[in-house]
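Visitor: Hi! Could you walk me through this one in plain words?
Guide: Happy to. Let's put it on the screen.

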Amino acid sequence: MSNHRICAIICTHNREQYLGAAIDSLLVQDFPDYEVIVVDNASFDRTREIVAARPQVKYIYESVLGLSTARNTGAKATNAEIIAYLDDDAVASTGWLSALYQAYETNEKLAIAGGKVTLLWPDGKTPPAWLSDGLSANLGLYNLGDTVVYINQPGLTPRGLNYSIRRKFLAQIGGFDPNLGRIGKSLLSNEELYMTELALQNGWQVAYLPDAIVAHNVAPERMEQSWFLNRGWWQGISECYRDRIAGRTGVKQLVSGGDRLIRGLYKSLKYIGDPALRFDNLVYSYCQIGYLSATIKAMLLPEKSEK
């Protein structure tokens, strides 16, 4: 393995329509010393061909499906102290790596950092009336302002599509948890949120960097309400798992999940005249149904749920 100060990694699964632009945005970075790795996570499209057309890029095939697994595979393939992850449907600004590296270089306590995310809508499309600012975050939108912000609330953690981590911290916590993060079409999540919790518990810092800018493509199917409901369901399952590994299990999960469900349904009725707020709370309620279903499954079939 070669030695570089920072490694940019794209983990990809069947995203041939966006992958080339994502890679190309990394090949024109203004940072002088970096490498680019693409981890092909069991794709069956033109991924290998697209990477082969760019010989500067290192290609790795990972047959075990799962974003966290692919991220761990990429991290093991580099000696770089700073690892930066870009989604396969995103485009990095030319100063992305420079902004990330400078933050780590000037703060030895920094474990995780990510930057501002804007949205790229499909040609001829505009945000639908039912899409709230809150739900836009599910599409990757992330903007905490124009100054550096140190995160002390896990819910404000940087988005995974524009995400970096210090190797020392990643090794300390044993890598990304393969039970969190997207696996194929299942929209599991919360892996970055959990990493932030671990960082803060272990005395590290997490930062939002306004100059580390990435634009995220909004796929046409993500402009459908059904996608947000499905995303909410998997969010609930992810939150259930995160609570379990934190020791918050059993009846108290049922109580808290039930309370949130009632609150979400009440608000969806309260804002029935506002399509954005109404749908936002409906998705929140559906998330709680996913959470409760996973909780009940874990209580009834504890051994199976751990697998």
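Visitor: What share of the residues of the chain count as buried?
Guide: Of its 307 residues, 54% count as buried. Here buried means under 20% relative accessible area, exposed means over 50%, and partly exposed is in between, using a 1.4 Å probe and protein chains only.

Visitor: Where does this model come from, and how are residues counted?
Guide: This is a predicted model, in which local features need pLDDT of at least 70, side-chain atom pairs count only at pLDDT 80 or more, and totals for chains, interfaces and linings use all residues. Residues are numbered from 1 along each chain as its sequence is written, and side-chain values use heavy atoms, with hydrogens and water left out.

Visitor: Cool. How many helices and strands are there?
Guide: The chain has 11 helices and 9 strands. These are DSSP runs numbered from the N terminus: helices are H or I with at least four residues, strands are E with at least two.

Visitor: What radius of gyration does the chain have?
Guide: It has 19 Å, which agrees with the value near 19 Å for a compact globule of 307 residues. The radius is taken over C-alpha atoms, and the globule rule is 2.2 Å times the number of residues to the power 0.38. Those C-alpha atoms fill a box of roughly 55 × 45 × 40 Å along the principal axes.

Visitor: And what about contacts between residues at least 6 apart in sequence?
Guide: Among those, 78% join residues at least 24 apart. Contact means heavy atoms within 4.5 Å.

Visitor: Let's zoom in. Which residues of H3 are buried?
Guide: Helix H3, residues 67–76, is mostly covered, with 9 of its 10 residues buried. They are Leu67, Ser68, Thr69, Ala70, Arg71, Asn72, Thr73, Gly74 and Ala75.

Visitor: What do they pack against?
Guide: Their partners are strands E1 (6–12), E2 (34–41), E3 (58–62) and E4 (82–86), plus helices H6 (167–172) and H7 (191–201).

Visitor: You mentioned H7. Is glutamine 201, in that helix, buried or exposed?
Guide: Glutamine 201 counts as exposed, because its relative accessibility is 62%. Its C-alpha atom is separated by 23 Å from that of tyrosine 101, 100 residues apart along the chain.

Visitor: Now threonine 118. Where does that one lie?
Guide: Threonine 118 lies in strand E6, residues 110–120. At 34% relative accessibility, it counts as partly exposed.

Visitor: What does threonine 118 touch?
Guide: Leaving out residues up to four places away in sequence, threonine 118 touches Leu141, Val214, Ala215 and His216. The C-alpha atoms of threonine 118 and alanine 215 are separated by 4.7 Å, with the two residues 97 apart along the chain.

Visitor: Switching to loops: what is phi for asparagine 14?
Guide: It is near 55°, a positive value in a residue other than glycine. Asparagine 14 lies in the loop between E1 and H1.

Visitor: And what is phi for alanine 42?
Guide: Alanine 42 has a positive phi of about 60°, although it is not a glycine. Its place is in the loop between E2 and helix H2 (47–52). With a relative accessible area of 18%, alanine 42 is buried.

Visitor: Last one: which residues of H1 are buried?
Guide: In H1, residues 16–27, the buried residues are Tyr18, Leu19, Gly20, Ala22, Ile23, Ser25 and Leu26.

Definitions and conventions:
Expected span 1.5 Å × (residues − 1).
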